[in-house]
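Subject: Handing over a structure

Hello,

Here is the structure I promised to pass on to you. Please have a look at it first, and then read on for what turned up in it.

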Amino acid sequence: MSGKVRLKPNGVLDEDPMTLQDIAYKYICNNLDVISYEDESLDRSRILRDGIVLPNDICDRLLEAYQQFYRHLDDRFVTLFRDKHRTSLKVVHLRNSTLTNSGLAILMRHELYSLSIWYCDRITEWSQELLAHHGESLRSLELGIGSHMLQNRDPNDKEPVDFQLNCPNLRRLVLNGVPLHHKLQFAHLDDLIHLDLTSCVLGNFSLSALTSLPKLHTLILFNVWPIENGLHAICALKQLRTLDISISSSGNGHGTYDFPDETLEMLMDNLRELTHLDISGTNLAGNGVATKGSCYKNTDIPGLVSRTQRPLQFLGLYHTAHWACKRHDIPAIELFEYERLISVLLHGVSKTEQEGFVQRIAIYLLNTLACQVDGKQKLFLGELGVVSTMLSLIKDRLTRSVFDDVMEVAWSTMWNVTDETAINCKRFLDGRGMEYFLRCLNTFRERDELLRNMMGLLGNVAEVKWLRPKLMTQKFIEVFAELLSSESDGIEVSYNAAGVLAHIASDGPVAWTIREPSREKVLASMVEAIRRWDIKSERNINYRSFEPILGLVRCYETPQCQHWAVWALANLTQVYPDKYCLLVEQENGIQILKELITHPSPYEEIKEIARMVIARCSSWP
């Protein structure tokens, strides 16, 4: 369901109400007995009731709605569509599904028009035969991350699978992260206009295989390397309008061309119809300095000299060498200038009057950005100095014994940029972050929001196994253990302190390198704190993934760590079932909890909480 996000008068985010059609589909998804029944002889598979015929538009929307409204799509559900005379599917988009090859076979017998598969790791390379038998009807095929139809399921096995795309009528093809076999052919795809090979592994595959695509106008080669020797083949695609040869990070040498100016000029001279170009993360924009005898003018990007009179509609320069996006004369209408935005905000935070209006606005905007961006952009925020800048602000206020909203938001910003980003956690530790944590704790102990933000940040640090030894000092452990009894900000500080200690203790007795406080005493205090918390407590925390928590659920050597982990899952699924029941299921949490219940190591209290999580997820919605 899509909805416009807006603010209520009290500042809380709201969204548009569901449409009547959405309400109807949600009701059917939650009450499948209205249109079907479970066949006990077929593993409780769903069978369409007699007399019911579902046309194509309803079938497509029902499949989409079932995935949208909190449910896992599995083989039992898709048997609804087994009868092709009473059901009809054309557009199938699968995401985070537990569907197997058998379930996919039922769907593909409908001679689909569009098929998209993402994060469906039970679909294996054996399903290639389905493409061979039912691929002729496809106009769009998208095989994303976690789809193993055309690659080995073992992530360590990078050997290309020998396959051919028997989909002669494709107009759009997306392959993500697939090792391409050198025999793979594209010549028969006469109607292909959009090809996305993001993160595909070329190996011995040659880009010259693409030269026979007469109608191709969009080619995405994001994070595909090396391609320098294949660019001559790309130059043969004369109808190309959009080309993406960007790289997410050039730190490992990827995206670095031997002759960047000449390479970009060659592309421009041959691809005369090009309107959109992304060279982010590469050195193709050159260094902006004229060489002896050069004749380019009206542009600070030498390779684009031929486009000064016909500027590109879009030019991606994110994280290019020599800060290309800061140059003045660039022949493009629209630039991706995330770098400049962050730099301006950092300047506003660090170079303007302390406690001034500009500084406060800048740090709030930085925190908002840090909260909304993905892992790659969090890395970039760290590279640009967000962590060090926040630490400088905190140091300044500690020196002056000043507490204000800038200090509070500075800790919040670091909490956000360290989320699932280990290198930013290291930047925090290397920048004397623990020293400032202790000083803030001693100086501003009564500030609940500050304490919550600091402990949230340290929770992120503790999730990084190779950084945990830096937290193993008597002083730090004493502080974390003391905070277990804190009632600051509800349970948040106590909860985060227990989480930090649980991760540290999960490394085992050998990693506990201090004598006092003892590991046994700290673990006992942690369990006492957990037993005090109200399972219905509302939270000031947001999880994008349960991977670290589920890792602790499997820590059978230290049941106390499991106790914190299952309590966290129980609390979140009890209070916010809409979001977190789905997340537990998506990340295989139900199976992990069932394994815990049958294991002899965890004590019964842990198993009871685990049963609570399973029951909540099974009954929701």
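Let me start with the outside. The protein chain has an accessible surface of about 28,500 Å², and carbon and sulfur atoms account for 50% of that. Please keep in mind that this is a predicted model, and that every value below is computed from it.

**The chain as a whole**

You will find 23 helices and 14 strands in the protein chain. Its radius of gyration is 28 Å, close to the 25 Å that the globule rule gives for 621 residues, so the chain is as compact as a globular protein of that length. The C-alpha trace spans about 80 × 70 × 55 Å along its principal axes. Of the 621 residues, 53% are buried. If you take the contacts between residues at least 6 apart in sequence, 65% of them join residues at least 24 apart.

**Aromatic rings**

How many aromatic pairs does a search of the whole structure find? The search gives 15. One of them joins Trp 118 and Tyr 119: the ring centres are 6.2 Å apart and the planes are at 40 degrees, so this pair is tilted. Trp 118 counts as buried because its relative accessibility is 15%, under the 20% cut-off. Tyr 119, at 35%, counts as partly exposed.

Another pair is formed by Trp 225 and Tyr 257, and this one is edge-to-face, with 5.1 Å from centre to centre and 90 degrees between the planes. It links distant parts of the chain, since its two residues are 32 residues apart. Trp 225 lies in the loop between strand S10 (218-220) and helix H6 (231-234). Tyr 257 lies in the loop between strand S11 (242-244) and helix H7 (260-270). Both Trp 225 and Tyr 257 are buried.

There is also a cluster to look at: ring pairs link Tyr 495, Trp 533, Trp 564 and Trp 567. Tyr 495 has a further partner in Arg 539, whose charged end sits over the ring of Tyr 495, 3.9 Å from its centre. A similar arrangement involves Tyr 25, where the charged end of Arg 61 sits over the ring, 5.2 Å from its centre.

**Cysteines**

Which cysteine sulfur is closest to that of Cys 555, and why is there no bond? The closest one belongs to Cys 561, and at 4.4 Å it is too far for a bond, because a disulfide needs the two sulfur atoms within 2.5 Å. Cys 555 is buried, with 6% relative accessibility. The sulfur of Cys 617 has its closest cysteine sulfur in Cys 581, at 3.8 Å, which is again too far for a bond. Cys 617 is buried too, at 2% relative accessibility. Across the whole structure, the search finds 0 disulfides.

**One more residue to visit**

Finally, please look at Glu 435, which has its place in helix H14 (residues 433-443). Glu 435 has a relative accessible area of 32% and is therefore partly exposed. Its C-alpha atom is separated by 9.8 Å from that of Lys 395, and the two residues are 40 residues apart along the chain.

Enjoy exploring it, and write back whenever you like.

Best wishes

Note on methods
Residues numbered from 1 in each chain as written. Predicted model: local features only at pLDDT ≥ 70, side-chain atom pairs only at ≥ 80, totals over all residues. Heavy atoms only, no water. Phe/Tyr/Trp six-rings, centres within 6.5 Å; stacked < 30°, edge-to-face > 60°. Buried < 20%, exposed > 50% of the residue type's maximum accessible area, 1.4 Å probe, protein only. Helix = DSSP H or I, 4+ residues; strand = E, 2+ residues; numbered from the N terminus. Lys NZ or Arg CZ within 6 Å of the ring centre and 35° of its normal. Rg over C-alpha atoms; globule rule 2.2 N^0.38 Å. Contact = heavy atoms within 4.5 Å. Areas by Shrake-Rupley, 256 points an atom, 1.4 Å probe, with all protein chains shown as cover.
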